[in-house]
Amino acid sequence: MIQFHLHRMFYKMMTLWQHLKQKKTAPSPPVVSPAAIWHCLNHYAYSDAIFLAERLCAEFDSDESIFLLATCYYRSGKPSQAYTILSGKKIVSEKCKFLLARCCVDLHKLSEAETVLTGNVGDLISSSSCSSFIETIISDYGDSSPFALQLISHIWWRSERSHLAAEACRKALYLNPFLWQSFQDLCDRGVKPDPEPTKIFKVDNLDNFNKCLGSNSHVNSTPLSTYNLSYESVNTFNSSTPAQKMVNMSVPSSNSSISSGIQPFTPDMNNAKAIFVRPIGRKVKVINENAYSPLTPSFGVFPLENSDNLSVCSSQSMVLVPSATLNETNDQKFISKRSSKPVFSQSGNTSNINNLGTQQITMPSSPMSHVVRRSSRIITNNCSVKENTKSPNKKFASPKSATRKIKSGLIPKKSVFADITERHPKERGVVEVETLTLAQQALNLQKKTTEGLLSLLRDIGIAYLQLSKFNCKKAIQLFQSLPPRQYKTGFVLSMIGKAYCEQSDYLQSIKYFSEVKEHEPYRDTLMELYSTSLWHQQKEVALSALAQDMTALDRNSSSTWCVVGNCFSLQKEHQTAIKYFQRAIQVNPDFPYAYALLGNEYLVTEELEKAITCFQKAVKLDPRHYKSWYGIGAIYQKQERYELAEMHYKRALRINHSSALIMCHIAVVQNSMDKPDQALHTLHIALTLEPKHPMCKYQRAQIYSKLGKLPEALYELEELKEIVPKESLVYFLTGKVHKKLGNIHLALMNFNRATDLDPKGASNQIKEAIDPTNNQSPLDDSVALCQNGDGKIFLRRSGDGDVS
């Protein structure tokens, strides 16, 4: 632990020394504006951005200019050039280090990426020092720390340091719950998200939005404090035009807009907004005519609370008036026109909120002109005014006092607020806006707009967590319960298709994946599972069409070549399929499913050593890739190494505990090891999960036949004929059972049906079954089953002719 901190301290000292050395010579102002470069990047003019960034670097060699040039190359899809630029300089800033680490990850230089991010102490990080290291990353990278932690977790997952990677993912999610990839990595790796999704995607966990939406010094990071306005700080009531009476929405001038590529927002004075503020130690009070947002309830749109919350009104109705009582019997009221415009536009919530924190209040020229309808009366020092008051005891100022002008500078202390200061002597001279600042209220509004999105992420996260646990039925129900607009998206539909594929319900999987292609024809994610479902259902035409669509869409996607490989595999062109699966691995060497498909093809072609190598690479990339564990078990079963086969099948079953297919293969291995009772128990559990699984029922019928339980075997086979009416092996096994029972004519009928369905595949098995030396009927030794040259089965009695 001490060694770790010493390394960190030394690294920081060296970084600071380089930074100070770089600042010795003050550079001249750049001849190229960085804003022009960002403007080109924002409009995808990458060649122009690179050209301008190179001019900037020639005049101004610093971390900022280097970062800008590397960003131009990286965004244009050239990470190698960006890596060369950054690695050739002694970079100091954290954003340069982050971009360099990102380039290293893209170029598969994981150890170098870890060195850049951790500062040469990556090998010293252990479970005990992980927390302190993560805090160091947070302090070093600031608002970018969630993304830095996500990148470090990716490196640690790949280097098989799962406990460190899981800790980094959890912290990244805590800081920024919008990082869905971190949550997905935890689920896919079998690590339970801590806390649960119901607590991860919760707005109450966010202290500010700096690490979620970027830095905003006025809204996101303003602390909760009391905001004071002295009388002297209030702007004068000078006569001006209506446009000048509006709130001045100033924009902070910071380098963040340049570095992020986002230009500062310049308000339109014709559409400026204003805020009602009530002084004297009371809450900010705003009159709002609409209790709810006029927009449709959705995330980012929320019901607005009444007068105690911050509201935005039109400039025409903006007045700042004291709301304290001016006499004993009646209070002054705010008078405001009602605006017909919506409070927030659906596309601009964030910008409105961010600008609220920087508003400065400018009072109109005549504060009482909008309140008193018939005459502009000036309040005397000792009396209050109420319009249309008929009480004789009330004193009014003389008409001459109405002609007195207020000096342009300060409000006279014995004018508008005279009565108030006398009633509240402790508050004399100070206008207090207590409880919440305007920026804090804007932050609360941001939280409310974010709550809808986090609520949606919470629902999707719960469903995805169930799918990652292979609770497929529950996951399907949760995905189907999402709002209709979200349910009809490619992501949700593909998740449902994946769930059905994991259940071996390939028809339903094809249905949902076809909807994905209909709604989002550009989506290539999980299309390899779509092709696998089509392969199992022997749909050659649909699979060929999918392969053509994918190659036309993106030839640099590994999913594309997996689809093409499955297409040729279905056509029994296994060598061609192997070539395309290898192409998929070449495009993305980190794709476990491509290795699994390649291993299956090698298994079909009896190249077992190559097959097991592919499956082992897949489980190294993803230890929870149960299909690869299942493939290794199939190889050992083929080699009749049943103990090893059972061990790997059970390893796959621990990952996908609801797979009836894996249980079926475990039962076959157990039956091969002369453990029929264990095999029947395993099949019983599998059929409890999937009562109509055809392979499980067939294997149970075989075991019943082997144990002499012929009626139970026939019962299973008759049910199986309804599930798979065109499967030749079912009729062949039925014929064998009828032969053992002495039902020669029924055996003959089922053997002929099996031959009709599969003349080539069933012939060898049928010849073995009708061998006269092994298949004498227990009822009549003179009767035997024979097969003619056309493949038809017939009865032969000793000494007689052929009997059809």
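**Exercise 1. Locate the annotated repeats and describe two of them.**
Task: State which residues the UniProt record marks as TPR repeats, then give the secondary structure and end-to-end distance for 592-625 and for 626-659.

Solution.
- Step 1. The unreviewed UniProt entry carries the annotation "repeat: TPR" for residues 558-591, 592-625, 626-659 and 728-761. The coordinates used below come from a predicted model.
- Step 2. Take residues 592-625. The chain there is 79% helix and 0% strand. Its end C-alpha atoms lie 7 Å apart.
- Step 3. Take residues 626-659. Helix again makes up 79% and strand 0%. Here the end C-alpha atoms are 10 Å apart.

**Exercise 2. Characterise the packing of H24 and H25.**
Task: Find how the axes of H24 and H25 are arranged, and which residues meet.

Solution.
- Step 1. Choose the descriptors. A pair of packed helices is described by the angle and the distance between the axes.
- Step 2. Read off the values. Helix H24 spans residues 558-570 and helix H25 spans residues 574-587. Their axes come within 8 Å and cross at roughly 170°.
- Step 3. Classify. Angles over 145 degrees count as roughly antiparallel, so H24 is roughly antiparallel to H25.
- Step 4. List the contacts. H24 contributes Ser 558, Trp 561, Cys 562, Val 564, Gly 565, Asn 566, Phe 568 and Ser 569. From H25 come His 574, Thr 576, Ala 577, Tyr 580, Phe 581, Arg 583, Ala 584 and Val 587.
- Step 5. Sort the residues of this H24 with H25 contact by type: 9 are nonpolar, 6 polar and 1 charged.

**Exercise 3. Examine two positive phi values.**
Task: Place Lys 572 and His 108 in the chain, and decide whether Lys 572 and His 108 are buried, partly exposed or exposed.

Solution.
- Step 1. Set the expectation. Most residues other than glycine have a negative phi.
- Step 2. Lys 572 has a positive phi near 65° and is not a glycine. Lys 572 sits in the loop between H24 and H25. Its relative accessibility is 62%, so Lys 572 counts as exposed.
- Step 3. His 108, also not a glycine, has a positive phi of about 65°. The loop holding His 108 runs between helix H6 (94-106) and helix H7 (110-118). With a relative accessible area of 47%, His 108 is partly exposed.

**Exercise 4. Trace the surroundings of Val 619 and Leu 653.**
Task: Identify the helix of Val 619 and of Leu 653, then list what Val 619 and Leu 653 touch.

Solution.
- Step 1. Val 619 belongs to helix H27, residues 608-621. Buried means under 20% relative accessible area. Val 619 has 11%, so Val 619 is buried.
- Step 2. Leave out residues up to four places away in sequence. Val 619 then touches His 625, Ser 628 and Trp 629.
- Step 3. Compare sequence with space. Val 619 and Tyr 593 are 26 residues apart in sequence and 9.8 Å apart, C-alpha to C-alpha.
- Step 4. Leu 653 is part of helix H29, residues 642-655. Beyond its neighbours within four places, Leu 653 contacts Ser 659, Ile 662, Met 663 and Ile 666.
- Step 5. Leu 653 and Lys 627 are separated by 26 residues in sequence and by 9.8 Å, C-alpha to C-alpha.

**Exercise 5. Summarise the chain.**
Task: Report its elements, burial, contact range and surface.

Solution.
- Step 1. The chain has 36 helices and 9 strands.
- Step 2. Of its 804 residues, 47% count as buried.
- Step 3. Consider contacts with a separation of 6 or more. Residues 24 or more positions apart account for 60% of these.
- Step 4. The accessible surface comes to about 41100 Å². Carbon and sulfur atoms hold 52% of that surface.

Conventions: Residues are numbered from 1 along each chain as its sequence is written. This is a predicted model: local features need pLDDT of at least 70, side-chain atom pairs count only at pLDDT 80 or more; totals for chains, interfaces and linings use all residues. Side-chain values use heavy atoms; hydrogens and water are left out. UniProt positions are given in the numbering used here, feature names are shortened, and annotations may be inferred rather than shown by experiment. Helices (H or I, at least four residues) and strands (E, at least two) are DSSP runs, numbered from the N terminus. Axes are lines fitted to C-alpha atoms, for helices over the stretch in contact, and angles run from 0 to 180 degrees between N-to-C directions. Angles under 35 degrees count as roughly parallel, over 145 as roughly antiparallel, 65 to 115 as roughly perpendicular and the rest as oblique. Contact means heavy atoms within 4.5 Å. Ala, Val, Leu, Ile, Met, Phe, Trp, Tyr, Cys and Pro count as nonpolar, Asp, Glu, Lys and Arg as charged, and the others, Gly among them, as polar. Buried means under 20% relative accessible area, exposed over 50%, partly exposed in between (1.4 Å probe, protein chains only). Accessible areas come from the Shrake-Rupley method with a 1.4 Å probe; for residues, only the protein chains shown count as cover.
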